[in-house]
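Here are my notes for your first look at this model. Keep the 3D view open and check each point as you read.

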Amino acid sequence: MTNATFPLVVVSNRLPVSFSVDENGARVPTLSPGGLVAAVAPSLQGRDAAWVGWDGTESADSEPAEVEGIALFPVSLSQDLVERHYEGFSNGTLWPLFHDVGVESEFQESWWEAYQEVDATFAQRAAEVVAPGGIVWVHDYQMMLVPGLLRALRPDVTIGYFHHIPFCAPQTLQSLPQHAELLDGTAAADIAGFQRKGDCDNFLKAAGKFLGADVSVRAETYPISLDFTAVSTASGDPHVLARAAELRSEWGDPRTVFLGVDRIDYTKGIPERLEAYEALLRSGQLTVEDTVMVQAGSPSRENVPSYQALRARIDAIVSRINQEFQSSDGRPAVIYSAQNLERAEMLALFVAGDVMVVSSLRDGMNLVAKEFVACKNDESGVLILSPFTGAADRMVDALIADPTTSVELQSAMLQATAMTPEEQQRRMVALREEVRTHDVAWWAERILTDLASKATRP
Ligand code: G6P
């Protein structure tokens, strides 16, 4: 496989796998669910595709592997490069800049140097494995220089770039000294894709303003989704259903289970959600006997200081609420876990929850909102959704509530607890139909068709 080339190559910071070591010491890849990976992997099946990405190690051993028909080309990165490219420039500089929710974007020259170095390594690897005239599909803000670097190495290939997170306003981007280099790198793609029209407009405005007239990139909106049928089917597994019932009884079978499921990230509005619930308990509009808030958080980017500060803040809020509010049999008001859950456990949570509260301050899409409705095969349940998510553009039958206005979030939570089963069903049926008909295959097909038509141009 080492010398083979591929008509379609995906490039992302992370490979869609984790590696374990078998009894003979060989590395065994398994497809890891969640986020970008869960979205992109199904659309590559049967396409003779390769994927270039970081394998999560610093080992020098980067042997290609294959999983579910996708050829994987791992890139190993030293600890030092991970600290400066991933934790530094990607998640200390770019993530807060693009989300623009009040967390300061930090900058160090050495982070930028590592960003250029790592993106060059990824571009080089992609250039080696893409077939003549093939397509390279680059993902997300960690890889913004790759289209430009790859264009120089392989002028024959068609390049797509997809930006999974929001694209900030041009004046915000301008505060970063390297804004023109980043735009230049990304605008070298044939097509740049975004989640929302506003992201696409911001990109075009910034490119026009900072790069001038010589920009030929086509920018389009392609809202990402998930494999509705796969999620829906997996959530109907008898083990998942049994586990969901068990969870509800562990929680004391209250009338309403509010649910939050997120990466622990300051863009997700987790404190706002917990504090809205706390305010409702304090005012007596909800009681701890009747309700519980289950918050599952996956630890994320734990070496980045802003994430450490958020962890501490959430811990403090949860313990404050639970000191004050417990049910008569001692069950706390907030059941909080900060650990990576198995896929089946995650699905059981979605099945067991009544009211999913997605309160992001800013979110490219928010696939959790889509997962929740895909898991509601019985058509019950209520989705509360922040307007600052890409998902809110199309999931119009959710209760849309601004998480920065606590009373608005509180009133949506009250409305959800009072909603009749008939209204729940009407809204849930519409939400499920929306996600089912605009699933990940729809998303990938549109992008790949557009890229293919560029590839075959005269
Ligand atoms: C978001 C980003 C992805 C990223 C994911 C998980 O969805 O858009 O690019 O992979 O978060 O974050 P992590 O830092 O763990 O890769």
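1. Start with one helix pair. This is a predicted model, and in it the axes of α10 (residues 270-283) and α11 (residues 305-324) come within 10 Å. They cross at roughly 15 degrees. Angles under 35 degrees count as roughly parallel, so α10 is roughly parallel to α11. The crossing of α10 and α11 is left-handed.

2. Why give two values for a pair? Two packed helices are described by the angle between their axes and the distance between the axes. Look for both values again in the next point.

3. Now turn to α9 (residues 238-250) and α12 (residues 343-352). Their axes come within 8 Å and cross at roughly 60 degrees. That angle makes α9 oblique to α12. Is the crossing of α9 and α12 left-handed or right-handed? It is right-handed.

4. Next, find the ligand. The residues around it number 10. Which of them come nearest? They are Arg14, Tyr86, Asp140, Gln142 and Arg301. Locate these five in the view before you go on.

5. Look at the oxygen atoms of the ligand. Arg14 places a polar side-chain atom 2.7 Å from a ligand oxygen. For Arg301, a polar side-chain atom lies 2.8 Å from an oxygen atom of the ligand. Gln142 takes part too: an N or O atom in its side chain is 3.1 Å from a ligand oxygen.

6. How much of the ligand does the protein bury? Taken alone, the ligand exposes 380 Å². The protein buries 78% of that area.

7. Finish with the make-up of the shell around the ligand. By class, four residues are nonpolar and four are charged. Two more are polar. When you describe this site, give the classes along with the contacts from Arg14, Gln142 and Arg301.

Terms used: Residues numbered from 1 in each chain as written. Predicted model: local features only at pLDDT ≥ 70, side-chain atom pairs only at ≥ 80, totals over all residues. Heavy atoms only, no water. Near = heavy atom within 4 Å. Polar contact = N/O pair within 3.5 Å; in protein donor to acceptor, adjacent residues only side chain to side chain. Areas by Shrake-Rupley, 256 points an atom, 1.4 Å probe, with all protein chains shown as cover. Nonpolar A, V, L, I, M, F, W, Y, C, P; charged D, E, K, R; others polar. Axes fitted to C-alpha atoms, helices over the stretch in contact; angles between N-to-C directions. Helix = DSSP H or I, 4+ residues; strand = E, 2+ residues; numbered from the N terminus. Parallel < 35°, antiparallel > 145°, perpendicular 65-115°, else oblique. Left-handed = near helix turned anticlockwise from the far one by under 90°.
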